[in-house]
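Let's take a walk through this protein together, one region at a time. Have the sequence and the model open as you read.

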Amino acid sequence: MNESVILVVDDERAMCEMVQTALEIAGHKVITCLSADEALQRLKEVDIDAVLTDVRMPGTSGLELCQQISQLRPDVPVVVMTAFGSMELAVSAMRNGAYDFITKPVELQLLRMTVRRAVERRQMSQKIHLLETEAQHKEPLPELIGESEPMLMMYDQLRRVAPSDASILITGESGTGKEVVARCIHRLSTRAERPFVAVNCAALSESLLESELFGHEKGAFTDARTQRRGLFLEAEGGTLLLDEIGDMPIAMQVKLLRALEEGSLRPVGGDREIKFNVRVLAATHKDLESAVDEGTFRQDLFYRINVIQLHLPPLRARGTDVLRLANDQIQRFASRSGKNVTGIAAPAAQRLLAYRWPGNVRELRNVMERAVALTQHDTITIDDLPDKVRDHRGSEVFIGGDDPSELVPLEEIERRYVEHVLTAVDGNRTQAAKILGVDRKTLYRKLKAAEEEGE
Ligand SMILES: Nc1ncnc2c1ncn2[C@@H]1O[C@H](COP(=O)(O)OP(=O)(O)OP(=O)(O)O)[C@@H](O)[C@H]1O
């Protein structure tokens, strides 16, 4: 049992001291309070494992204290000390949420036993809660396919951050599923019943982007024949995803930051400020920190949107998720086209695992759509795969032939081998690091370098 903290509440100082000594001998840490109000304050400040309280006290009574703790901190067990013979008081304390009672004069052996039981109960229920939330956090999410270790870690993080209102920056290569993740955050947030709106900041010129986001008044510019509300106001109460934020023109970045800081915007051509209540998510495949260094992305905006970062691993780091995703796509495309295709033949599966997927899940989807359309079998074969996938030799060949033009640098061999090991262990980095004989930090560094190279 870890060292536990017991809060002892009694208006008699001598009683507090006696109980304190007895419990400290038993290895507990003890905090004493002379009133219930002081105890409630301490409960807010310190992680208390159990409370031991007198019932009759001036001001807030021990019974009221039981009631308040059972509402505010139902996880903290309360043991009441009642005078010998006042059984009714003990019963009403239990009705008010007390966990147990002991009678005064306190028998020290019994006191220690009762307190130990209360502490054990709390630690047990904490453990159960932890296990329950861990299990829940690691469960896959319905929108996302993938059970590899890096994806499970991402789901865990996503579930933790979704309910808060914080800005989240979703990073990852193109086609890794950043928009799907943004929708998922919205669904798990308190804003789920309100709109989710996404805009691609790279697709619009600066002036169009401003009117797209903030709206415009009628006649604000040549084409503005009618008034437009803009996406911020369309997303009112909900979530706005600013996709490809790394490509937002710098002048627009200034206007966006101002709007985010003030929680209000001014439509193009308008002269009034309109308040909005929108959670902003941003996504990018670019390294924004480097963009800040290069002066193409404003540092103040970076800090504003990067409160929490969720990183999506590239598909090549997700082990056998490639096959899970491929099978899902096959099912979709087969049922759409009415073809009877049910899976992937083993040699084709090997090629899918070896290929680097620079376009990630989007590229895989296109490859599977084509394969389902082409195949004349009930499983996808090597012949149904495009040349780039079929001919990719990936990690099968570590050393080329004798032809010097086929030989590759040592670094490339290392990268291929790291990927090969990661695929074999289904993306489990701890296991991969063990096999490779490096610590996890070194492995992370190597993966990051490989990821940057792949971009
Ligand atoms: N884990 C996943 N499970 C199922 N489908 C996925 C997953 N990840 C991505 N997809 C699908 O892959 C396609 C690309 O995903 P998405 O548009 O979210 O990627 P992105 O990272 O936002 O790309 P870009 O950076 O180019 O905007 C979509 O059709 C999406 O539904």
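A good place to begin is Leu288, which is found in helix H11 (residues 288-294); helices here are DSSP runs of H or I with at least four residues, strands are runs of E with at least two, and both are numbered from the N terminus. Before going on, please note that this is a predicted model, in which local features need pLDDT of at least 70 and side-chain atom pairs count only at pLDDT 80 or more, while totals for chains, interfaces and linings use all residues. Residues are numbered from 1 along each chain as its sequence is written.

Leu288 counts as buried because it has 22 C-beta neighbours inside 10 Å. The term buried asks for 20 or more other C-beta atoms within 10 Å of a residue's own, with C-beta atoms placed from the backbone; 12 or fewer makes a residue exposed, and anything in between partly exposed. Setting aside neighbours within four places in sequence, Leu288 is in contact (C-beta atoms, placed from the backbone, within 7 Å) with Gly246, Phe297 and Phe302. Arg298 is 10 residues from Leu288 along the chain, and their C-alpha atoms are separated by 9.2 Å.

Next, look at Asp54 in strand S3 (residues 50-54). The unreviewed UniProt entry annotates Asp54 as "modified residue: 4-aspartylphosphate"; such annotations may be inferred rather than shown by experiment. Asp54 has 23 C-beta neighbours inside 10 Å, so this residue counts as buried. Beyond four places in sequence, its contacts are Val9, Asp10, Asp11, Gly62 and Met81.

Now for the ligand. It is surrounded by 18 residues, of which the closest are Ile145, Gly177, Lys178, Glu179 and Val361; a residue belongs here if its C-beta atom, placed from the backbone, lies within 6 Å of the ligand. Helix H7 (178-187) and helix H15 (360-374) are the elements that each give two or more residues to this shell.

Helix H7 deserves a second look. Its buried residues are Lys178, Val181, Ala182, Ile185 and His186. They lie on the same side of H7 because they cover an arc of only 140° around the axis, taken from the directions from the helix axis to the C-beta atoms. Among the elements covering them are helix H6 (149-161), strand S6 (168-171) and strand S7 (196-200).

Finally, step back to the whole protein. Its secondary structure comes to 19 helices and 14 strands, and 34% of its 455 residues count as buried.

Key
Contact = placed C-beta atoms within 7 Å.
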